[in-house]
Structures are given as C-alpha cells and as structure tokens.
Amino acid sequence: MPRVTVSIDPDVCISAANCIGVVPQFFQIGAEPYVQLLDRSGAVAGSVHSFEASDEEFALLEEAAESCPTRAIAVAATGPSSVTE
Ligand code: SF4
C-alpha cells in the first residue's frame, strides 16, 4: 500500500470538478472557491493530504490529476508499495 501525498494548488484550481467526477470520495467543492481534499471519513482535509492509499486509489488519484484542465493536482507516492514482485 503506497503512502501518497495529494495536494491542490488553490491559486490554479478553477473548480472545473473533473477530479470530483473521477474520485468523488476524495475531492469536494464546498465553501472555498477551489476544490478541497477529503479524508477517508469524508472530513475536509484541506489542500494537502497524506494517507495510505490502495494501489487502485493511487491510480484513480493519478487519473484525477491528469483530468484537471489546469494541472492543479499533484499526486506523489511518498512511501513503499505493498505490491511484491
Ligand atoms: S479538476 Fe482541477 S480545476 Fe477542476 S476542481 Fe479539480 S483541481 Fe480544481
């Protein structure tokens, strides 16, 4: 299971919501004029969030980052993957 850090650049996000379409459980547009990250419980996690993601979640987060028209999302694996060879 990789540890991932997801970050949003609030100055770049235009609330296009593509990311929400890909992974609605991790992104939300609320009171702020930019998307915010959600943790596993659905609580707002701000614009930077690190957590243990499944390989499937990591792939979806990368897809969300690629879907963003302004490249406001950064996804970085910051720990080892549980995938063994
Ligand atoms: S897809 Fe990009 S611009 Fe649109 S809400 Fe998500 S982070 Fe913001």
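# A walk through a predicted model

In this predicted model, the shell of residues around the ligand divides into ten nonpolar, four polar and no charged residues. Of the 14 residues that surround the ligand, those that come nearest are Cys13, Ala16, Asn18, Cys19 and Cys68. Two of these names, Cys19 and Cys68, will return when we reach the nonpolar core, where they are listed among the residues with the most contacts inside it.

We can now turn to the sheets. Strands of a sheet pair through backbone hydrogen bonds, and they may do this in a parallel or an antiparallel way. One open sheet here is formed by three strands in the order β5-β1-β6, and the pairing is antiparallel. Its edge strands are β5, residues 48-52, and β6, residues 73-77, each of which pairs on one side only. Neighbouring strands of this sheet are turned against each other by 15° on average, if direction is ignored.

Strand β1, which covers residues 3-8, pairs with β5 in the antiparallel sense over five bridges. Along this pairing, serine 7 stands opposite valine 48, while valine 6 has histidine 49 as its bridge partner in β5. On the other side, five bridges join β1 to β6, again with the strands running antiparallel, and here threonine 5 stands opposite alanine 76 in β6.

What are the two faces of β1? In a regular strand the side chains alternate between the two faces of the sheet. The covered face of β1 holds Val4, Val6 and Ile8, whereas Arg3, Thr5 and Ser7 make up the uncovered one. Helix α2, made of residues 55-67, lies across β1 and β6 and runs at about 150° to β6. Within this helix, leucine 61 makes a good example to follow on the screen: leaving aside its neighbours within four places in sequence, leucine 61 is in contact with Val4, Val6, Val23, Phe26, Ala53 and Val75. Val4 and Val6, in this list of contacts, are also residues of the covered face of β1.

The largest nonpolar core has 16 residues, and those with the most contacts inside it are Ile8, Cys19, Phe27, Leu61, Ala64, Cys68 and Ile73. The elements that give two or more residues to this core are β1, β3, which spans residues 35-38, and α2.

Strand β3 belongs to a further open sheet, in which three strands have the order β2-β3-β4 with antiparallel pairing. The edge strands in this case are β2, residues 27-29, and β4, residues 44-46, and each of them pairs on one side only. Neighbouring strands of this sheet are turned by 50° against each other on average, with direction ignored. Between β2 and β3, which run antiparallel, there are three bridges, and the partner of isoleucine 29 in β3 is valine 35.

Some single residues help to fill in the picture. Phenylalanine 51 is found in strand β5, and it counts as partly exposed because it has 16 C-beta neighbours inside 10 Å. Not counting residues up to four places away in sequence, phenylalanine 51 touches Val4, Asp39 and Arg40. Proline 10, which lies in the loop between β1 and α1, is also placed in the partly exposed class, because it has 14 C-beta neighbours inside 10 Å. With neighbours within four places in sequence left aside, proline 10 is in contact with Tyr34 and Ser47.

How do distances along the chain and in space relate? The C-alpha atoms of proline 10 and alanine 72 are separated by 7.4 Å, although these residues are 62 residues apart along the chain. Phenylalanine 51 and arginine 71, by contrast, are 20 residues apart in sequence and 21 Å apart in space, C-alpha to C-alpha.

Finally, two loop residues deserve a look at their backbone. Most residues other than glycine have a negative phi. Serine 15, whose place is in the loop between β1 and α1, has a positive phi near 60°, and it is partly exposed because 13 other C-beta atoms lie within 10 Å. Arginine 71, found in the loop between α2 and β6, likewise has a positive phi, near 55°. Which class of exposure does arginine 71 fall into? Arginine 71 counts as exposed, because it has 11 C-beta neighbours inside 10 Å.

How values were computed: Residues numbered from 1 in each chain as written. Predicted model: local features only at pLDDT ≥ 70, side-chain atom pairs only at ≥ 80, totals over all residues. Pairing = 2+ DSSP bridges. Helix = DSSP H or I, 4+ residues; strand = E, 2+ residues; numbered from the N terminus. Axes fitted to C-alpha atoms, helices over the stretch in contact; angles between N-to-C directions. Contact = placed C-beta atoms within 7 Å. Buried ≥ 20, exposed ≤ 12 C-beta atoms within 10 Å, placed from the backbone. Near = placed C-beta within 6 Å. Nonpolar A, V, L, I, M, F, W, Y, C, P; charged D, E, K, R; others polar. Core = buried A, V, L, I, M, F, W, Y, C linked by C-beta atoms within 7 Å.
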